[in-house]
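User: Could you take me on a close look at the place where the ligand sits? I am new to reading structures, so please go step by step.

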Amino acid sequence: MAECRYCGGTGLVMKGDKAVRCACVRDKIKEAAYAQSGLTPLMRGFTFENFDFKYYSPDKFDKVKGVSYAQTAQITYKAAREFVDKFLQNRHTEGLLFTGPVGSGKTFLACAIANAVLEKGGQVLFVVVPDLLDKIRATYDIQHRELTEQSIIDAAREIPLLILDDLGVHNYTQWTINKLYSIINYRLNYQLPTVITTNLSVAELSEHLGERTASRLFQMCKFYRLLVDNNIRYLKRIESR
Ligand SMILES: Nc1ncnc2c1ncn2[C@@H]1O[C@H](COP(=O)(O)OP(=O)(O)OP(=O)(O)O)[C@@H](O)[C@H]1O
Ligand SMILES: [Mg+2]
Ligand SMILES: [Zn+2]
């Protein structure tokens with residue numbers, strides 16, 4: 001990497017007769033946080049600015065709540081933005097859980113939160129739950145001992161903001177339930193926020209994760225729904241043809 005032309009790589013510049021931190025230091029910290037966040041290059045484009053409301057119909061209604069799909073998206077989007085503001089002011093803020101059908105923008109919005117927090121110099125870990133569990137399982141294999149189970153779990157427990165993507169698409173065994181419980185319970189006890197996306201309904205969450213974990217999620221997260229009549233993934237494929 002080229003040396004900074006302001007500080008020559010020392011990280012310090014003179015301001016009057018005082019040495020102060022060069023701007024490149026902050027940029028480097030930010031870059032490192034991005035690199036460690038688990039966001040893929042594609043996900044870095046999932047930002048609040050790029051969130052398109054056209055996919056959420058004003059003419060279709062959530063039967064239970066009597067609000068349109070468009071309103072549902074606005075409410076959820078607003079909650080996501082407010083979460084970022086609150087989190088940047090206070091690390092111990094309430095988390096969010098996004099439910100909704102396949103291709104409704106849950107992961108997109110969770111990534112928008114991650115990108116906004118990283119942009120402001122915060123730390124985020126984005127994990128796809130099935131991948132996390134596979135990674136933990138791989139540590140039991142003698143061939144893959146470079147990471148320990150504890151180091152993976154500790155990272156998910158201790159990061160200021162954890163995003164658990166796709167909670168609940170796995171075949172949950174007692175083992176899986178215990179791993180997730182240990183992460184979620186830790187974050188609850190230390191009041192660290194978690195943002196979750198899931199296809200499961202509230203009842204299914206309880207059924208698949210067990211009541212102990214599900215009840216903690218209720219305590220830690222505000223629940224929001226995204227509704228679409230068509231999978232956005234599919235609509236975008238058609239658009240791009
Ligand atoms: N509001 C949006 N504006 C623009 N593009 C969107 C929006 N929501 C989703 N997309 C696009 O649609 C794709 C699918 O969205 P996303 O991955 O967020 O769905 P999901 O609700 O997480 O689905 P799944 O339940 O399958 O995980 C994304 O990759 C993105 O390209
Ligand atoms: Mg998703
Ligand atoms: Zn510099």
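Analyst: Happy to! Let's begin with the character of the surroundings. The shell of residues around ligand 1 is made up of eight nonpolar, six polar and five charged residues. Keep in mind as we go that this is a predicted model.

Who are these neighbours? There are 19 residues around ligand 1, and those that come nearest are Asp 52, Gly 103, Lys 106, Thr 107 and Phe 108. Two helices each supply at least two residues of this shell: α3, which spans 106-119, and α9, which spans 232-239.

Now let's zoom in on individual atoms. An oxygen atom of ligand 1 lies 2.8 Å from a polar backbone atom of Gly 103, a residue that is also among the nearest neighbours. Side chains take part too. In Lys 236, a side-chain N or O atom is 2.9 Å from a nitrogen atom of ligand 1. For Tyr 56, the distance between an N or O atom of the side chain and a nitrogen atom of the ligand is 3.3 Å. Each of these pairs fits the cut-off for a polar contact, which is 3.5 Å. How much of ligand 1 does the protein bury? Taken alone, ligand 1 exposes 620 Å², and 90% of that is buried by the protein.

Let's step back to the space that holds the ligand. Ligand 1 sits in the largest pocket, which contains about 500 Å³ of space. This pocket is lined by 21 residues, and nearest its centre lie Phe 46, Gly 103, Gly 105, Phe 108 and Arg 233. You have met Gly 103 and Phe 108 already, as two of the residues that come nearest to ligand 1.

Which elements build the wall of the largest pocket? Helices α3 and α9 each give at least two residues to the lining, and so does strand β7 (161-167). Sorted by class, the lining has eight nonpolar, seven polar and six charged residues.

To finish, here is another hollow to set beside it. The second largest pocket has a volume of about 270 Å³. Its lining counts 16 residues, with Leu 125, Phe 126, Val 127, Leu 132 and Lys 135 closest to the centre. Ten residues of that lining are nonpolar, four are polar and two are charged.

Notes:
Residues are numbered from 1 along each chain as its sequence is written. Chains are lettered from A and ligands numbered from 1 in the order in which they are written. This is a predicted model: local features need pLDDT of at least 70, side-chain atom pairs count only at pLDDT 80 or more; totals for chains, interfaces and linings use all residues. Side-chain values use heavy atoms; hydrogens and water are left out. A residue is near a molecule or strand if one of its heavy atoms lies within 4 Å of it. A polar contact is a pair of N or O atoms within 3.5 Å; within protein, one must be able to donate a hydrogen and the other to accept it, and residues adjacent in sequence count only if both atoms are side-chain atoms. Accessible areas come from the Shrake-Rupley method with a 1.4 Å probe; for residues, only the protein chains shown count as cover. On a 1 Å grid over the protein atoms alone, a cavity is a set of points where a 1.4 Å probe fits but cannot get out, and a pocket is an open set with protein on both sides within 12 Å along at least five of seven lines; lining residues have an atom within 4 Å of a point. A molecule sits in a cavity or pocket if more than half of its atoms lie within 2 Å of its grid points. Helices (H or I, at least four residues) and strands (E, at least two) are DSSP runs, numbered from the N terminus. Ala, Val, Leu, Ile, Met, Phe, Trp, Tyr, Cys and Pro count as nonpolar, Asp, Glu, Lys and Arg as charged, and the others, Gly among them, as polar. Grid points are joined across faces, edges and corners, and a volume is the space filled by probe spheres set on the points.
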